[in-house]
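The questions below concern a pocket, some ring contacts and a few backbone angles. Each answer works towards the value or name asked for.

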Amino acid sequence: MKIPLLQTSALSPALDAALADAYDVHRLWEQDDTAAYLARHGARIEAIATSAPVGASAELIAALPALRVISCRGVGLDKIDLQAARERGIAVSGTFGVLTDCVADLAFGLMIDVARRISAADRFVRDGRWQREKFALTRRISGKRLGIVGLGQIGRAIALRAGGFGMRVRYTGRKPVDGVDYGFEPDVVALAYWADFLVVSVSGGPQTRHLIGASVLDALGAEGFLINIARGTVVDQAALVAALSARTIAGAGLDVLEGEPDVPGELLVLDNVVLTPHMASGTRETRQAMEALLLENLQAFFRTGKLVTPAL
Ligand code: 8YV
């Protein structure tokens, strides 16, 4: 008898098929009336398969009285109501550890692109301007100062890469991280003031909403660059658009936005911004590893009662 599992959205053809093969899958996103569907089937559901952007709300969790485990494709669990899960003793897993390198790689890709203006240069050449103009000088990365907001697994992978560029690294977070020899700065404004590049790699959610606001951007200053590969909600987007438009910061590389996939028109016309569509973990290799781990967490839980990569 297959275990009843609720899948919140289409994930990938391979993962959708693997889940259907192993579980009695209820495909929530295909239902016209999700409330009626949950009223009819919710009592049997023991597991949820979801992704970071979709998560699992407190209302959804409440509609599933037999729910035992939530397995998420992704590491940013800000769309999962962890408090609701904790109160019910529901196990929650993320795909921790397998996407770290690709996200850190993209952070550096955005840093290099926005400082050396690679995307802008590509447009310059394709627009036929090389024949009549010189491309303006850009900005160096090597040897510069890198401030990291959130020195978790991804933040530490970014710091490691900085060594290869001879960059000095300082970081901020709730508290100093044991076992690292980077300088800890408790105040994010002071870190922004020191940094040439400020990279946001902190978890999303209410506790970090708009952590990067006007005062941080003012401190980063007209020579500073902001990189965000975490969550759009961590940055006060209106303040960022104002700073970029007024050039009170030099530029930004953004893989995530508040309200994504909608993009403010002002960002689309600015040439000191590099925009990517929340693709930091989006390589074939990493996505396959994430999806295998989502399945492995479910299998391990129902076999042993324990998750491979637990969040709760
Ligand atoms: C994407 C992410 O959400 O891991 C996260 O938190 O934001 C990314 O990996 C991806 O869509 C995960 O399914």
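A charge sits over a ring if NZ of Lys or CZ of Arg is within 6 Å of the ring centre and within 35 degrees of the ring normal. The model discussed here is predicted.

Q: Which residue lies over the face of Trp194?
A: The distance limit for a charge over a ring is 6 Å from the ring centre. At 5.9 Å from the centre of the Trp194 ring, the residue over its face is Arg170.

Q: Where does the second largest pocket lie with respect to domain 1 and domain 2?
A: Its lining includes Ala52, Asp78, Arg231 and Leu257. Domain 1 covers 4-96 + 284-304 and domain 2 covers 100-275. Both domains give residues to the lining, so the second largest pocket lies between them.

Q: How many charged residues are in the lining of the second largest pocket?
A: The pocket holds about 230 Å³ of space. Among its lining residues are Lys79, Glu258 and Glu260. By class, the lining has three nonpolar residues and four polar ones, and the charged residues number five.

Q: Is the pair of Tyr171 and Phe184 stacked or tilted?
A: Six aromatic pairs are counted in the model. For Tyr171 and Phe184, the ring centres are 5.3 Å apart and the planes meet at 55°. Planes under 30 degrees apart would count as stacked and over 60 as edge-to-face, so this pair is tilted.

Q: How many residues apart in sequence are the parts that Phe197 and Phe225 tie together?
A: Phe197 and Phe225 form a stacked pair, with 5.2 Å between centres and 15° between planes. Both residues are buried. Phe197 belongs to strand E9 (residues 197-200) and Phe225 to strand E10 (residues 225-228), so the separation of the parts is 28 residues.

Q: Which peptide bond is cis, with omega near 10°?
A: Most peptide bonds are trans. Pro261 is in the loop between strand E11 (251-254) and helix H11 (265-269). The cis bond leads into this proline, from Glu260 to Pro261.

Q: What is the phi of His278?
A: Most residues other than glycine have a negative phi. His278 is in the loop between strand E12 (273-275) and helix H12 (284-304), and it is one of the residues lining the second largest pocket. Its relative accessibility is 31%, so His278 counts as partly exposed. Although His278 is not a glycine, its phi is positive, near 45°.

Terms used
Residues are numbered from 1 along each chain as its sequence is written. This is a predicted model: local features need pLDDT of at least 70, side-chain atom pairs count only at pLDDT 80 or more; totals for chains, interfaces and linings use all residues. Side-chain values use heavy atoms; hydrogens and water are left out. On a 1 Å grid over the protein atoms alone, a cavity is a set of points where a 1.4 Å probe fits but cannot get out, and a pocket is an open set with protein on both sides within 12 Å along at least five of seven lines; lining residues have an atom within 4 Å of a point. Grid points are joined across faces, edges and corners, and a volume is the space filled by probe spheres set on the points. Ala, Val, Leu, Ile, Met, Phe, Trp, Tyr, Cys and Pro count as nonpolar, Asp, Glu, Lys and Arg as charged, and the others, Gly among them, as polar. Domain bounds come from an automatic or database domain assignment. Rings of Phe, Tyr and Trp (its six-membered ring) pair if their centres lie within 6.5 Å; planes under 30 degrees apart count as stacked, over 60 as edge-to-face and the rest as tilted. Helices (H or I, at least four residues) and strands (E, at least two) are DSSP runs, numbered from the N terminus. Buried means under 20% relative accessible area, exposed over 50%, partly exposed in between (1.4 Å probe, protein chains only).
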